[in-house]
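Q: Take me through one bit of helix packing in close detail, please. After that, follow the thread outwards as far as it goes.

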Amino acid sequence: MAIIENLKAIKINQNHLLGIQDLSFPEVSHILDEAKAFISLNKSASKKTDILRGKTQINLFFEPSTRTQSSFELAGKRLGADVMSMNIVNSAIKKGETLIDTAMTLNAMHPDIIVVRHQDSGAPNLLSQKVNCSVINAGDGRREHPTQALLDALTIINRRGKVQGLKIAICGDILHSRVARSNIYLMNMLGAEVNVIGPKTLLPHSIERLGVKAFTDMKKGLDNCDIVMMLRLQNERMHGSFLPSPREYYEYFGLTPDKLAMAKKDALIMHPGPMNRGVEIDTNLADDINRSVIREQVELGVAVRMACLKIFCKKT
Amino acid sequence: MKEKYLTNARIIDPKNQIDEMGGLIIDAKGLIKAAGKKVTNGNLPAAAEKIDLKKQILIPGLVDMRVFVGEPGYEYKENFKTLSNAALSGGVTSVVSMPNTSPVIDSVSMVDFLKRRGRDKSKINIFPAASLTKNTEGKQMTEFGLLKRKGIIAFTDGVKTVQDPQVMARIMNYAGQSQSLIMQHAEDNILSKDGLINEGEISTRLGLKGIPSLAEKIIVERDLSFLEEYFCRYHISQISSEKTVSVIKKAKEEGKIFTVGVSINNLSLNENDIGDFKTFLKLSPPLRTENDRLSLVQGVNEGTIDVIVSDHKPEDEESKRLTFSQAATGATGIETLLPLALELFHSKSIKLDKLLASLTSNPAKILGINKGNLEVGNDADLCIIDINKPWVVKQSELKSKSKNTPIENRKLQGQVLKTFMKGEIAYERI
């Protein structure tokens, strides 16, 4: 069944997935519909299809990643593509030359899809101008992480049937988070009401202009929410310039049962992983199978990435 | 050289508030012999060379206080010859060259090299600035007295700011005795650390670290406090925000004596122009909001801001075809300075006399040079403009060695027709 009823499946003509901001509402629903179809395939005994047979997919990761990279790798393989993963150790190559130089070299090998993660915002956009194949953004700087937001939406739809009308709280280090930005764009597009919660030093300038309400009081921000999305707090931000200590952060912004009590009784807990237990989330809550959908997010991530690879792979 | 009679022109001399139909006589040495309405078609000697300017505008050649040359060290970005050609096609006849070369212009021996290269390779007047501190490290002041005697007319660390307040206080205290002109690029290093564009909605959306306008304001406020204690010739190279404009306006109203510049980029563009990570619009100071831009325009109109500069900073392709955070900062602009400034006249944002004064007589006065006016006895460094001529900026047609213009494909109105250096036609649009 279509995510959005009575909507004709639309053809996506663009070859790149650079950000949620570049997608329209029908395009998103098309991706999610495709992804739904892959959920059951991924649970079946024979997971392999030949949709991308003969295609070459290169995972180009300039930042370390475990889940996103393996998720993309599995997704490509299950679609029948030949997948190669490259981890670029930054220190080895002179800064600045890596992206374009590597891209041009890879381009000469005629890949069909490049999945890229890069520490600089906008890097996938630059890459897409230089290569002939499809580019899929697996996270750039603090700008966007579109497949993460799409898998979050699919997880919510899987549990709640729809996103429209839900109240979603995104909590933590909003400033440095590409997951937060992509989710803000996507959840707004799908008709949710979005709250962001964090200490003032970790809320970006003019964040309200992205269509959210900002809170520094977590209980107020969580009030009556259907979904609680926790973000990872990077180690280097915990001490000193952004926050006094992990202890104080946990006190005010860690997800604990008493704070969660402000949200709806059946509110779902999400986290893009990897988690810092005891820093941003109570360890029991993280493992609470009735509330936490963190493992489901990982599972559906593969389906969403299969859909994205299928849809955006350059049509020849 | 024969005497030249330029006739049938609208003569504008901002310094002397002259704006009238008339002409200009250039003597055999290339100096201005007479200018204004008294020079008419009727009273010319038959033997003189006559140039009918067909009612176009004649102004003094522009004085650009902030230009990066590339010599020595970055000749692949711009050399004196390419800079000179670019400047002349934009009606700029005098420039202050920034000391951020390799090596940095911070010693007397470097000045001789620079002056010789400038003289041999370029047709325009090059006024070199030396660094404020050794190697622009912000620690040890340069030899203001000796450098000034060698012909250095201003001191600045160019793209850098003197961060240490004690060093800056001492610089301002010491500079007073030699009447050296101190030019500060106002940006607090720590507040702007790793910053790429204006801090605001755009930086949040693009996921780029922002530079708060406070980083500029705080240095301006600091230096103006020093100025109360240690008076010197103090100039703020470029400002970018509404907050800074109001600080400056207040200080000037209180009677503080100092001067202020603004880049044509900050007057004509805003942060929205950065679009989808256009690295040619990665500038310092950064482009800010439309409100900031409007307050800068107002600042020029009210005299809060004295000077408009091109902030001409040539960067080669390799330095710009990178991710936004890795790309070099700066844009070319010397060729389009005047036409882009005229856009502000055509849009009725800034009056023509104010605009031209901020490009000619005001910078000359701050620098203490007898340029940027049409007074008798001065070098005939002139610029003839067709103020209404429409044209489109094309990277490929620009003369600078680097092509990083921030206004590619912009439709402009007003173009330089001829530029004279010391009475000779040094540039002519064909």
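A: Helix 5 (residues 146-160) of chain A crosses helix 12 of chain A at roughly 115°, and their axes come within 8 Å. Helices here are DSSP runs of H or I with at least four residues, strands are E runs of at least two, and both are numbered from the N terminus. Axes are lines fitted to C-alpha atoms, for helices over the stretch in contact, with angles from 0 to 180 degrees between N-to-C directions. This is a predicted model, so local features need pLDDT of at least 70 and side-chain atom pairs pLDDT 80 or more, while totals for chains, interfaces and linings use all residues, and side-chain values use heavy atoms, with hydrogens and water left out. Residues are numbered from 1 along each chain as its sequence is written, and chains are lettered from A and ligands numbered from 1 in the order written.

The crossing of helix 5 of chain A with helix 12 of chain A is right-handed (the near helix is turned clockwise from the far one by less than a right angle; anticlockwise would be left-handed). On the helix 5 side, the residues in contact (heavy atoms within 4.5 Å) include A:Leu150, A:Leu151, A:Leu154 and A:Asn158, and on the helix 12 side they include A:Leu300, A:Gly301, A:Val304 and A:Cys308. By class, that contact is a mix of six nonpolar, six polar and four charged residues. Nonpolar covers Ala, Val, Leu, Ile, Met, Phe, Trp, Tyr, Cys and Pro, charged covers Asp, Glu, Lys and Arg, and the others, Gly among them, are polar.

Now bring in helix 1 (residues 25-43) of chain A, which packs on helix 12 (residues 294-312) of chain A at an angle of about 125°, with the axes 8 Å apart. Helix 1 of chain A and helix 12 of chain A are therefore oblique to each other, since angles under 35 degrees count as roughly parallel, over 145 as roughly antiparallel, 65 to 115 as roughly perpendicular and the rest as oblique. Helix 1 of chain A also makes a right-handed crossing with helix 12 of chain A. From helix 1, A:Ile31, A:Ala35, A:Phe38 and A:Ile39 are among the residues that meet helix 12, where A:Leu300, A:Ala303, A:Val304 and A:Ala307 are among their partners' group. The classes in the contact of helix 1 with helix 12 of chain A come to 14 nonpolar, two polar and four charged residues.

There's a charged pair between these two helices as well: A:Lys43 and A:Glu299 form a salt bridge, with their closest N and O atoms 3.8 Å apart (the rule wants a side-chain nitrogen of Lys or Arg within 4 Å of a carboxyl oxygen of Asp or Glu). Because A:Lys43 is in helix 1 of chain A and A:Glu299 in helix 12 of chain A, the pair ties together parts that are 256 residues apart in sequence. Over all chains, the search finds 39 salt bridges.

To close the triangle, helix 1 and helix 5 of chain A cross at roughly 65°, with axes that come within 10 Å. Helix 1 and helix 5 of chain A are therefore roughly perpendicular to each other, and this crossing is right-handed. A:Ile31, A:Ala35 and A:Ile39 are among the helix 1 residues in this contact, and A:Leu150, A:Leu154 and A:Asn158 are among those from helix 5. The contact of helix 1 with helix 5 of chain A has nine nonpolar residues, one polar and one charged.

Stepping out to the other chain, the interface takes 16 residues from chain B and 23 from chain A. About 1,700 Å² is buried between chain B and chain A, with carbon and sulfur atoms giving 51% (accessible area, 1.4 Å probe, lost on putting two parts together, summed over both). One salt bridge turns up across this interface; B:Glu201 and A:Arg209 meet in a salt bridge at 2.6 Å, N to O.
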